[in-house]
Amino acid sequence: MQAQWTAIDQYIESFLIAPDPRLEYASAQTDASGYSNHLAVAPNQGMLLQMLVQMNQAKRVLEIGTYAAYSTIWLARGLPTDGYLLTIEGRDTHFKLAQNNLAAAKMPVEIDLRLGRAAEVLRQLPSDTPAFDLIFIDADKQSYAEYLQLSLNYSRSGTLIILDNVIRAGDIINPRNHKPSIVGLRDCFATLQNHPRLLSCTALQTVGCKGHDGLALALVK
Ligand code: DHB
Ligand code: MG
């Protein structure tokens, strides 16, 4: 099935996703640096992120897990010129790659790239930090429940929280899989369930060039 999923993603891309040299550069640099582009969102998923920023008329976006900044560029594409994007990366190798890709992209919005463990960076934000309008969680899966709780501290009514990679080719429901990442994702589902701060929440499975995975969406009450 993977070949067909990839071919269909290419079909979608050929009609709907115009090439953007800033994104192509970021992908090429990821490959050239010996990192895997498989961890980046697919182009059609990136476009969905851009559209969710636009649909929520977001001005302030938080991204937890920058990696090569490919998704960062997509999120920034949806922001107005007075927009602000805070993106946090925990690994200094990935941080340097992201720094280079963002410097080359010259996005017309403020992008605040920070190196550090996201939970620490978030806990150290000034207490008067205005709420984010959209939050994209795409870092180490074992910490998703913690990232979700911390994200809620910087959310307002209407903030949209998006969580990447919540299905992991079905590992999420495999009772023999006890990897910390999968256990973390299950904790995250349990945290999302009937959360008093959430108005509504769902998750969607996805297939495509990145395999079988999925994303969760949570709307803050
Ligand atoms: C992995 C992480 C991601 O964020 C992703 O989108 C795909 C894969 C991983 O760690 O394997
Ligand atoms: Mg991801």
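**Note on the two ligand sites**

1. In this predicted model, the magnesium ion (ligand 2) has as its protein donors Asp 138 (OD), Asp 164 (OD) and Asn 165 (OD1), which lie 2.0 Å from the ion. Read along the sequence, these donor residues of the magnesium ion follow the spacing D-x25-D-N.

2. It helps to place two of these donors in the fold. Asp 138 belongs to the loop between strand S4 (132-137) and helix H7 (144-153), whereas Asp 164 belongs to strand S5 (residues 155-164), so the pair ties together parts that are 26 residues apart in sequence.

3. Which residues are around ligand 1? They are His 38, Leu 39, Asp 138, Lys 141, Asp 164, Asn 165 and Arg 168, and sorted by class this shell holds one nonpolar, two polar and four charged residues. Asp 138, Asp 164 and Asn 165, listed here around ligand 1, are also the protein donors of the magnesium ion (ligand 2).

4. Oxygen atoms of ligand 1 take part in several contacts with the protein. An N or O atom in the side chain of Lys 141 is 2.9 Å from an oxygen atom of ligand 1, a backbone N or O atom of Leu 39 lies 3.1 Å from an oxygen atom of this ligand, and a polar side-chain atom of Arg 168 lies 3.2 Å from an oxygen atom of ligand 1.

5. On its own, ligand 1 has 290 Å² of accessible area, of which the protein covers 71%. The space that ligand 1 takes up is the largest pocket.

Notes
Residues numbered from 1 in each chain as written. Chains lettered and ligands numbered in written order. Predicted model: local features only at pLDDT ≥ 70, side-chain atom pairs only at ≥ 80, totals over all residues. Heavy atoms only, no water. Near = heavy atom within 4 Å. Polar contact = N/O pair within 3.5 Å; in protein donor to acceptor, adjacent residues only side chain to side chain. Areas by Shrake-Rupley, 256 points an atom, 1.4 Å probe, with all protein chains shown as cover. 1 Å grid on protein atoms, 1.4 Å probe; cavity = no way out; pocket = protein on both sides within 12 Å on 5 of 7 lines; lining within 4 Å. Sits in = over half its atoms within 2 Å of the grid points. Nonpolar A, V, L, I, M, F, W, Y, C, P; charged D, E, K, R; others polar. Donors = N, O, S within 2.8 Å, 3.2 Å for Na, K, Ca; no water. Helix = DSSP H or I, 4+ residues; strand = E, 2+ residues; numbered from the N terminus.
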